[in-house]
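The following exercises are meant for a reader who is meeting this structure for the first time. Please attempt each task before reading its solution.

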Amino acid sequence: YINKTEDMTPLMLCAKYDSVKCLDVMIDLLANMKIKHSKKGDGIIHIASERDNVKVLKQIIGKGIEDKNLLNAYEMNCLDSAIINRSYLS
């Protein structure tokens with residue numbers, strides 16, 4: 001995690017801000033893909049879906065980084081997260 005008040009990893013921030021280049025660097029550096037958001041249990045696929053970050057989603061799904069059926073702490077998958085946040089492109 002970045003620091004004690006920001007509960008997101010650099011990889012999560014790549015997903016949040018739709019940075020495919022940063023995501024590729026993190027993959028190359030063997031970042032831990034299994035870490036989930038400390039409060040909601042979201043994986044990077046949830047974070048990208050919530051913000052309609054389609055480029056990152058394609059990368060996550062295409063490279064098999066996370067399963068699209070991954071559930072967070074609220075038993076929601078990435079499509080559920082997208083719908084709640086009105087991210088209809090996802």
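The exercises below concern a predicted model, and each is followed by a worked solution.

**Exercise 1. The overall fold**

Task: Determine how many helices and strands the chain has, and whether its radius of gyration fits the globule rule or departs from it.

Solution. Step 1: the chain contains 5 helices and 0 strands. Read from the N terminus, the order of the elements is α-α-α-α-α.

Step 2: the radius of gyration is 12 Å, close to the 12 Å given by the globule rule for 90 residues, so the chain is as compact as a globular protein of that length. Along the principal axes, the C-alpha trace spans about 30 × 30 × 20 Å.

Step 3: of the 90 residues, 41% count as buried. The chain exposes about 5500 Å², and carbon and sulfur atoms supply 56% of that area.

Step 4: among contacts with a separation of 6 or more, 62% come from residues 24 or more positions apart.

**Exercise 2. The nonpolar core**

Task: Identify which residues have the most contacts inside the largest nonpolar core, and which elements give two or more residues to it.

Solution. Step 1: the largest nonpolar core has 19 residues, and L23, I44 and I60 have the most contacts inside it.

Step 2: two or more residues come from each of α1 (10-16), α2 (20-28), α3 (44-50) and α4 (54-62).

Step 3: take I44 as a case. Leaving aside residues up to four places away in sequence, I44 touches L11, M12, A15, I60, I65 and E66.

Step 4: a general tendency offers a setting for this result. In soluble globular proteins, nonpolar side chains tend to be buried together.

**Exercise 3. The cysteines**

Task: State how many disulfides the structure holds, and how far the sulfur of C14 is from that of C78.

Solution. Step 1: a disulfide is a covalent bond between the sulfur atoms of two cysteines. The cut-off applied here is a sulfur pair within 2.5 Å.

Step 2: the structure holds 0 disulfides. For C78, the nearest cysteine sulfur is that of C14, 18 Å away, and C78 is in no disulfide.

Step 3: C14 is buried, with a relative accessible area of 2%. C78 is also buried, at 10%.

**Exercise 4. Two asparagines in loops**

Task: For N72 and N53, find the loop in which each lies and what its side chain contacts through polar atoms.

Solution. Step 1: N72 lies in the loop between α4 and α5. Residues under 20% relative accessible area are classed as buried, so N72, at 5%, counts as buried.

Step 2: the side chain of N72 makes a polar contact of 2.7 Å with the side chain of D42. With residues up to four places away in sequence left out, N72 touches K40, G41, D42, H46 and S81.

Step 3: N53 lies in the loop between α3 and α4, and at 7% relative accessibility N53 counts as buried.

Step 4: a polar atom of the N53 side chain lies 2.7 Å from the backbone oxygen of A15. Under the exclusion of residues up to four places away, N53 touches A15, K16, Y17, D18, A48 and S90.

**Exercise 5. Positive phi angles**

Task: Locate D18 and E75, and decide whether each is buried, partly exposed or exposed.

Solution. Step 1: D18 lies in the loop between α1 and α2. D18 has a positive phi of about 60° although it is not a glycine.

Step 2: with a relative accessible area of 22%, D18 is partly exposed.

Step 3: E75 lies in the loop between α4 and α5 (78-84). Its phi is near 60°, a positive value in a residue other than glycine.

Step 4: E75 is exposed, with a relative accessible area of 57%.

**Exercise 6. Two residues of one loop**

Task: For L29 and H37, decide whether each is buried or exposed, and find how far L29 is from Y88 and H37 from T9.

Solution. Step 1: L29 is in the loop between α2 and α3, and H37 is in the loop between α2 and α3 as well.

Step 2: L29 counts as exposed at 62% relative accessibility, whereas H37 is buried at 11%.

Step 3: L29 and Y88 are 59 residues apart in sequence and 31 Å apart, C-alpha to C-alpha. H37 and T9 are 28 residues apart in sequence and 8.2 Å apart, C-alpha to C-alpha.

Step 4: a polar atom of the H37 side chain lies 3.2 Å from the backbone nitrogen of K39.

Notes: Residues numbered from 1 in each chain as written. Predicted model: local features only at pLDDT ≥ 70, side-chain atom pairs only at ≥ 80, totals over all residues. Heavy atoms only, no water. Buried < 20%, exposed > 50% of the residue type's maximum accessible area, 1.4 Å probe, protein only. Core = buried A, V, L, I, M, F, W, Y, C linked by side-chain atoms within 4.5 Å. Helix = DSSP H or I, 4+ residues; strand = E, 2+ residues; numbered from the N terminus. Contact = heavy atoms within 4.5 Å. Rg over C-alpha atoms; globule rule 2.2 N^0.38 Å. Areas by Shrake-Rupley, 256 points an atom, 1.4 Å probe, with all protein chains shown as cover. Polar contact = N/O pair within 3.5 Å; in protein donor to acceptor, adjacent residues only side chain to side chain.
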